[in-house]
Amino acid sequence: MESEKWLQELFNKLRERLGEEYQVTKVDKPALNSVGKVQIGIVKNGERTGILLNLEPGKVQRLKTGIGLKEEVGFLVERYLEKRSVLRKELLAGEWFERMKERIVYALERMEGNEEALKHIPWEPYLDMAIVFYLVETPGGETNYRVISNRDLEVWKVSKEELLQIARENTPRLGIPLLLTPEDAVGENKEGEEESLKDMEGYLLKHTDKGVSAFVLTSQYGFYGASVILYDGLLERISWVWRDDVLVIPSSINEVMIVPACGSTKTIQQWREIVKEMNQEEPQKEMALSDSVYFYDHKEGKLCVATDDYKMIFD
């Protein structure tokens, strides 16, 4: 089906601004967490990797009524050039895997609602979530992520299993785990962050002894910080400090909340209702990771989906 008239007009204006060597199209395959948005792909001739830009629902409605076209074209061109400027030449060309592989990381994404997007990218199921893969760039201190596609694996001649192994080595190095009290997390307490990064177990024990019963677990840079629950030995370390199993409450793709299982004053069903209610709120809905609640079973040494009758005894 042909693009709507307003969208075609937007594309024509973007091409006029950027030049004939640029291709502007509507993205047919959805990106992760893109519900309700119109997505535009811009790629320069000769470059395999393009830039994805989002039109939020409010802007779509304005453009459909003929309002704000000139301003939106200027904004999109500015965003495109800004994003493109921070990507290295080898990323745009999609080549030189050996130079890029040290920047490959994994991230946890919501599986429900992303089924179509997952058809076009390498991913691995993890409980009721999906492990996906990104290239991470931090030029000038600004972190940028590009999702790795099935086409990337074809060009690089790399299997999904090899990609997962590389990401397992890189992600803990590039995304150092960070545990904070809710107060330190909300207040962006730099001293608390430094203390936790230096001695996570000591920080956890100190604040647990002070009566803190819930903690935020993320990565040092926050983005896709919920993925730290995949790090080897991390939940085990927390479990031994508490002498307890660990409840994991998925706040978003960027962080989880952890609670000592025996110290929880809420049932699993109550936690599920809290998570589901939180995931329906805007803008949290787009960042939702899962509607489930999880617990780390110290005996099995693994994370599981929590059921109403799980055991909460540490032997």
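Leaving aside neighbours within four places in sequence, Leu153 is in contact with Pro122, Ile148, Val158, Ser159, Lys160 and Leu163. The model in which these contacts appear is a predicted one. Leu153 belongs to helix H7. Leu153 counts as buried because its relative accessibility is 11%, under the 20% cut-off. Phe97 lies 56 residues away from Leu153 in sequence. In space, the two C-alpha atoms are 9.8 Å apart.

Lys157 follows in the loop between helix H7 (150–156) and helix H8 (160–174). The setting of Lys157 is exposed, because its relative accessibility is 71% and the cut-off is 50%. The phi angle of Lys157 is near 55°, a positive value in a residue other than glycine. Most residues other than glycine have a negative phi. Tyr224 also has a positive phi, of about 55°, and is not a glycine. Tyr224 is placed in the loop between strand E9 (215–219) and H12. With a relative accessibility of 10%, Tyr224 counts as buried.

The protein as a whole contains 14 helices and 13 strands. Of its 315 residues, 47% count as buried. Among contacts with a separation of 6 or more, 58% link residues 24 or more positions apart.

Confidence in the prediction varies along the chain. The average pLDDT of the protein is 84, and 85% of the residues score at least 70. Strand E5 (residues 123–126) has the highest confidence, at 96. The lowest is found in helix H4 (residues 89–93), with a mean of 54. Over residues 311–315, pLDDT stays under 50. For that stretch the model has 16 contacts beyond four places in sequence. Where pLDDT is low, the predicted coordinates should not be read in detail.

One open sheet consists of three strands in the order E1-E2-E3, with antiparallel pairing. Strand E1 (22–26) and strand E3 (51–55) stand at the edges. Each has a single partner strand, so one side of each is left without a neighbour in the sheet. Neighbouring strands of this sheet are turned by 25° against each other on average, direction ignored. Strand E2 (residues 38–44) is joined to E3 by five bridges, and the two run antiparallel. Within this pair, Val38 stands opposite Leu55 in E3. Two helices pack on the sheet. Helix H1 (residues 5–18) touches E1, E2 and E3. The direction of H1 makes about 165° with that of E1. Helix H3 (residues 69–85) likewise packs on the sheet and touches E1, E2 and E3. The direction of H3 makes about 145° with that of E3.

Strand E4 (residues 104–110) is mostly covered, with seven of its seven residues buried. In a regular strand the side chains alternate between the two faces of the sheet. In E4, Ile104, Tyr106, Leu108 and Arg110 point one way. Val105, Ala107 and Glu109 point the other way. The buried set thus includes the charged-name positions Arg110 and Glu109 alongside Ile104 and Leu108. Strand E4 is joined to strand E6 (residues 129–137) by seven bridges, and the two strands run antiparallel. Ile104 stands opposite Leu135 in E6. Strands of a sheet pair through backbone hydrogen bonds, either parallel or antiparallel.

Two packed helices are described by the angle between their axes and the distance between the axes. Helix H11 (residues 200–209) and helix H12 (residues 234–242) pack at an angle of about 40°. Their axes are 10 Å apart. The crossing of H11 and H12 is right-handed. On the H11 side, Met200, Glu201, Leu204, Leu205 and Thr208 take part. These residues meet Leu234, Arg237, Ile238, Val241 and Trp242 in H12.

Asn279 lies in helix H13 (residues 268–279). At 2% relative accessibility, Asn279 counts as buried. The side chain of Asn279 makes a polar contact with the side chain of Asp291, at 2.7 Å.

Technical notes
Residues are numbered from 1 along each chain as its sequence is written. This is a predicted model: local features need pLDDT of at least 70, side-chain atom pairs count only at pLDDT 80 or more; totals for chains, interfaces and linings use all residues. Side-chain values use heavy atoms; hydrogens and water are left out. Buried means under 20% relative accessible area, exposed over 50%, partly exposed in between (1.4 Å probe, protein chains only). Helices (H or I, at least four residues) and strands (E, at least two) are DSSP runs, numbered from the N terminus. Two strands pair if DSSP finds at least two bridges between them. A polar contact is a pair of N or O atoms within 3.5 Å; within protein, one must be able to donate a hydrogen and the other to accept it, and residues adjacent in sequence count only if both atoms are side-chain atoms. Axes are lines fitted to C-alpha atoms, for helices over the stretch in contact, and angles run from 0 to 180 degrees between N-to-C directions. Contact means heavy atoms within 4.5 Å. pLDDT is the predictor's confidence in each residue, from 0 to 100. A crossing is left-handed if the near helix is turned anticlockwise from the far one by less than a right angle, and right-handed if clockwise.
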